[in-house]
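Hi everyone, thanks for coming. I'd like to walk you through one model today, so have a look at the screen and then we'll go through it together.

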Amino acid sequence: MSFPWAKHYEPKYALTKWVDERLPLPRFVYSAVGGGYPVPRNLNYFWNFGVLAGAALACQIVTGIVLAMHFAANGAIAFDSVEHIMRDVNAGWFLRYAHANGASMFFIVVYTHIARGLYYGSYKAPREMVWLLGVVIFLLMMATAFMGYVLPWGQMSFWGAQVITGFFSAIPIVGETIRVWLLGGFAPDDAALNRFFSLHYLLPFVIAAVIVLHIWALHIPGSSNPTGVEVKGEQDTVPFHPYYTAKDGLGVAVFFLVFAALIFFAPNYLGHPDNYIPANPLSTPAHIVPEWYFLPFYAILKSFTVDFILPAKLWGVLAMFGSILLMFFLPWLDSSPVRSAKYRPTYRIFFWILILDVFALGYVGGAEPIARNVIIGQIAAAYYFAHFLIIVPMVSRMERPRPLPNSITEAVLAKHGAHPVPAE
Amino acid sequence: MIRWISALVGLAFVFVVSLGLFSSIVGVITDPAPPTAEHFVHEEHPLLDAGLPSSGLLGKFDLRQVQRGFQVYKEVCAACHSLRHVAFRDLKEIGYDEGQVKAIAAAWVVEQPSVNPETGEPATRKNTPADHFPLVYANDVAARAANNNAVPPDLSLMTKARHDGPDYIYSLVGHGYVPQPKELLAKFPDAATPKGLHYNQYFANLNIAMPPPLTSAGQVEYLDGTKPTVDQMAKDVAAFLTWTAEPNLDARHGAGLAVLGFLLIFCFLAWGAYQNVWRDLKH
């Protein structure tokens, strides 16, 4: 499960020895995130984002548990109970703003984490399972975030729930029955609010469990690195602790700096004003928009405007779910043996087009549906599918990669222009 | 095999979205969307800046202004608009003392719903500092009946429930009610304000049910000697409603500075630890 030169846990004291013989938990931690896990020495700052995502999840769970002590999942008083938290609960405003903006931070960090995986080919063999579990985590996150946004029972909560559960009614014949079954009624109401609250409390712990699998799967081959070249020997790695605990410590510090700036100085910047209006089933907001982190997918949904064999709405729903599910096939769609885009001149260009494309989709998802925006959205949606399903498979066969360094250490020393000397 | 399937699926999605793209482009050429009166007016008249001391990253309430705004709310807005998330006791935070809060609560025109202790019949009682501001109407039906079929919204969160809320309130009640411009009617004949509504250039659909609330200077008599122009009263009530929506703003900004200072030092130390650990290793 690890490299032969990985250090082993050696209990120093009688007590730790006694514990180790009975429950080798400290040994497990030491090998997982301690001195016993050798990691490539050349990871850049983008490799901080996995730990940051873990930090974000921890913050969400801690603030969420306290918020749940004061929240009432009942359509008549849910909105008021949130205002009670904001006004009367000690530091309630801090907890709620931390939780709402914590969701945004979680997505910022996870999107960066995913983009890093796409750029450096982290999904390729032998790390396919790490990637697949990552996509599962992402899907769980989206479900959790959606249900969390419904809980304050404002206008966007209510109408967001209406729109998202409405996707299921696009399924032919049984769609409407499924929608009513999911909601526990014909429209979002107490039944929906209560089950969303229950699941919103459950899913983060499921996410935590899948994260354990994600890290477990990662530790079989060990971490990838910016060159994409596998570890060849001891000189290529450093122990996780103290090298990467120190580097992640810096990352976590900067993460909290940005997080705090949002909470204290722009807590409503990423939210929608309409969610400070209590839910009203009789009044539809002028523009129903989801939270910012769903906007690219929302834009894909809205881009399918023409019936072709299937109704446009069903195409939109299929495309929206498909845009995420296609990630499951990525390790087999990209057959290039070279992982890092650093050595893939053609793939790298398309990668950056994809990033711009997703930003364009995000813009369109939140903008008014005037003709110009619809057209931008449709071009961007077409590129999104073409990128993953057509361009990446083709590029991976036709591209001529640049020569790879012989080893991580060679690449590091070449960067510093030094003669090869052993590490440390 | 998987690559052929994926290419087919990819082509299908690209084809169907391209059909949509084609019809969007045809739509733009053959049937361009007509400009709307709202769009036209809102482009011409962006929100005015209320210039409140609470705006900006480090903003702080001017409590005298917030108190003046409360006076405007009490004497003008409170006739129709409730403030149900705010309690009388909260007024202590804007500088009123215990006695004043008690007096304000006891003298509030609308009373709290209650029960006659003898008969059990519905009754009302005077407000106390522990009470939230009472609802003005018993229910939406009563509110509609009294207001030409429109429900006056609760104002507790109004400045957070609109884009640029404080500027919106200031613009809407201070400078929004103008005669409907002739050019607008010439351009959009359908935009004439219906009977019973009022033209307001900052309102979303330009026609608001609320009659102009601030009509003349001196409508409210300020105790601190500030001149009660319509502009001033609009500004002050915007300041008050910023406080009702975000009463912890001062505490939040103060704590935020301390937290950022702490985290900056933490970042610096974390950076130092990182440099120290990695000092001998090229990476």
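Before we start on the interface, a word on counting: two residues are in contact if their C-beta atoms, placed from the backbone, lie within 7 Å. And please keep in mind that this is a predicted model.

So, how many residues does each chain bring to the contact? Chain B gives 49 residues and chain A gives 55 residues. On the chain B side, α1 (2-30) and α9 (249-277) each supply at least two of the residues touching chain A. The largest share there is that of α1(B), with 19 residues. If you sort the chain B side by character, you get 30 nonpolar, 13 polar and six charged residues.

Now to the cores. The largest nonpolar core holds 58 residues, and those touching the most other members are L52(A), A53(A), A56(A), F106(A), V109(A) and L193(A). Several helices of chain A each supply at least two residues, among them α3 (49-70) and α9 (190-219), and so does α9 of chain B. Which helix gives the largest share of this core? That's α5(A), with 13 residues. Take F106(A): leaving aside neighbours within four places in sequence, its contacts are A53(A), A56(A), L57(A), Q60(A) and M141(A). There is also a second, separate core of 47 residues, including Y119(A) and F297(A).

Last stop, α3 of chain B, residues 63-75. This helix has 13 residues and spans 18 Å from first C-alpha to last, close to the 18 Å expected. Its buried residues include V66(B), F70(B) and Y73(B), and the buried residues of α3(B) pack against α8 (230-245) of chain B. Thanks for listening!

Notes
Residues are numbered from 1 along each chain as its sequence is written. Chains are lettered from A and ligands numbered from 1 in the order in which they are written. This is a predicted model: local features need pLDDT of at least 70, side-chain atom pairs count only at pLDDT 80 or more; totals for chains, interfaces and linings use all residues. Helices (H or I, at least four residues) and strands (E, at least two) are DSSP runs, numbered from the N terminus. The expected span of a helix is 1.5 Å times one less than its number of residues. A residue is buried if 20 or more other C-beta atoms lie within 10 Å of its own, exposed if 12 or fewer, and partly exposed in between; C-beta atoms are placed from the backbone. Ala, Val, Leu, Ile, Met, Phe, Trp, Tyr, Cys and Pro count as nonpolar, Asp, Glu, Lys and Arg as charged, and the others, Gly among them, as polar. A nonpolar core is a set of buried Ala, Val, Leu, Ile, Met, Phe, Trp, Tyr and Cys residues joined through C-beta atoms within 7 Å.
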